[in-house]
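Q: Please take a close look at one part of this structure and relate it to the rest of the chain. A connected account would be preferred, with the cut-offs of each term stated.

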Amino acid sequence: DLFTPTAGSTIYFECRFQSDEATQMDHLVGLVLTDTDPLTSTTGGLYFRKDDGDLLIDFETNAGGVISTDSGIGTFAANTYFKVGFKVTGTSQVEYWVNDVKKGTFTTNIPTVPLRVTLHAQDGDTGAALGALSAFYDYVFVAQTRV
């Protein structure tokens with residue numbers, strides 16, 4: 001289903017996930033505009049990401065490719081579940097958490113287009129030195145209040 005930030009409504013998102021390798025895995029979880037490759041060409045959304053080559057969990061709001069980023073709000077570790085979540089209030093505010101600790105609030109670049117639930121994991125080990133890598137999603141919860 002689609003979720004659209006709308007004046008007078010609230011969206012709640014929460015996801016718990018892990019992978020068996022910390023540095024080489026890419027992750028993107030949240031709500032994004034339909035896209036074929038959310039890691040490289042996301043043009044709208046509200047999401048957490050962990051990029052290949054680092055251990056940092058970032059949060060982004062993205063309206064039409066104009067992005068607000070809070071970098072390094074968590075440190076990823078292999079075989080450790082992380083709970084991430086955000087609350088969108090109307091079209092004016094997004095609060096976000098990692099492991100139940102509030103990390104910040106954005107009031108800019110909040111998309112107002114229909115967004116889809118996205119759980120994306122990618123093995124960044126292009127040399128295949130590590131062998132097969134896996135990601136695990138314990139749950140995802142998304143709800144939007146009616147206007």
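**Surface patch, open sheet and hairpin turns**

A: L119 has a relative accessibility of 37% and therefore counts as partly exposed; buried means under 20% relative accessible area, exposed over 50%, and partly exposed in between, with a 1.4 Å probe and protein chains only. The model is a predicted one, in which local features need pLDDT of at least 70 and side-chain atom pairs count only at pLDDT 80 or more, while totals for chains, interfaces and linings use all residues. Residues are numbered from 1 along each chain as its sequence is written, and side-chain values use heavy atoms, with hydrogens and water left out.

L119 belongs to strand β10, residues 115–123. Strands (E, at least two residues) and helices (H or I, at least four) are DSSP runs numbered from the N terminus. Together with V117 and V140, L119 forms a nonpolar surface patch with about 200 Å² of accessible area. Such areas come from the Shrake-Rupley method with a 1.4 Å probe, and for residues only the protein chains shown count as cover. A patch consists of residues with over 30% relative accessible area and no salt bridge; like charges are joined within 9 Å, and nonpolar side chains (Val, Leu, Ile, Met, Phe, Trp, Tyr) within 5 Å. A salt bridge, in turn, is a side-chain nitrogen of Lys or Arg within 4 Å of a carboxyl oxygen of Asp or Glu.

The open sheet comes next. Its five strands follow the order β9-β8-β7-β2-β11 with antiparallel pairing; two strands pair if DSSP finds at least two bridges between them. β9 (101–106) and β11 (135–144) are the edge strands, each pairing on one side only. Strands of a sheet pair through backbone hydrogen bonds, either parallel or antiparallel.

Within this sheet, β7 (residues 82–89) and β8 (residues 93–98) are antiparallel and joined by six bridges. V84 faces V98 of β8, and V88 has V94 as its bridge partner in β8. The two strands make a hairpin with three residues between them, and G90 in the turn has a positive phi of about 55°. On the other hairpin, five bridges link β8 to β9, again antiparallel, with W97 paired to K102 in β9. Two residues lie between β8 and β9, where N99 has a positive phi of about 50°. D100, in the loop between these strands, has a positive phi of about 65° although it is not a glycine; its relative accessible area of 57% makes it exposed. N79 also has a positive phi, near 55°, in a residue other than glycine. N79 sits in the loop between β6 (66–75) and β7 and is exposed, at 54% relative accessibility.

At the edge, Y139 lies in β11 and is partly exposed at 29% relative accessibility. Beyond its neighbours within four places in sequence, Y139 contacts E14, C15, R16 and K83, contact meaning heavy atoms within 4.5 Å. The C-alpha atoms of Y139 and F17 are 7.5 Å apart, although 122 residues separate them along the chain.

For the protein chain as a whole, residues 24 or more positions apart account for 61% of the contacts with a separation of 6 or more. The chain has one helix and eleven strands, and 41% of its 147 residues count as buried.
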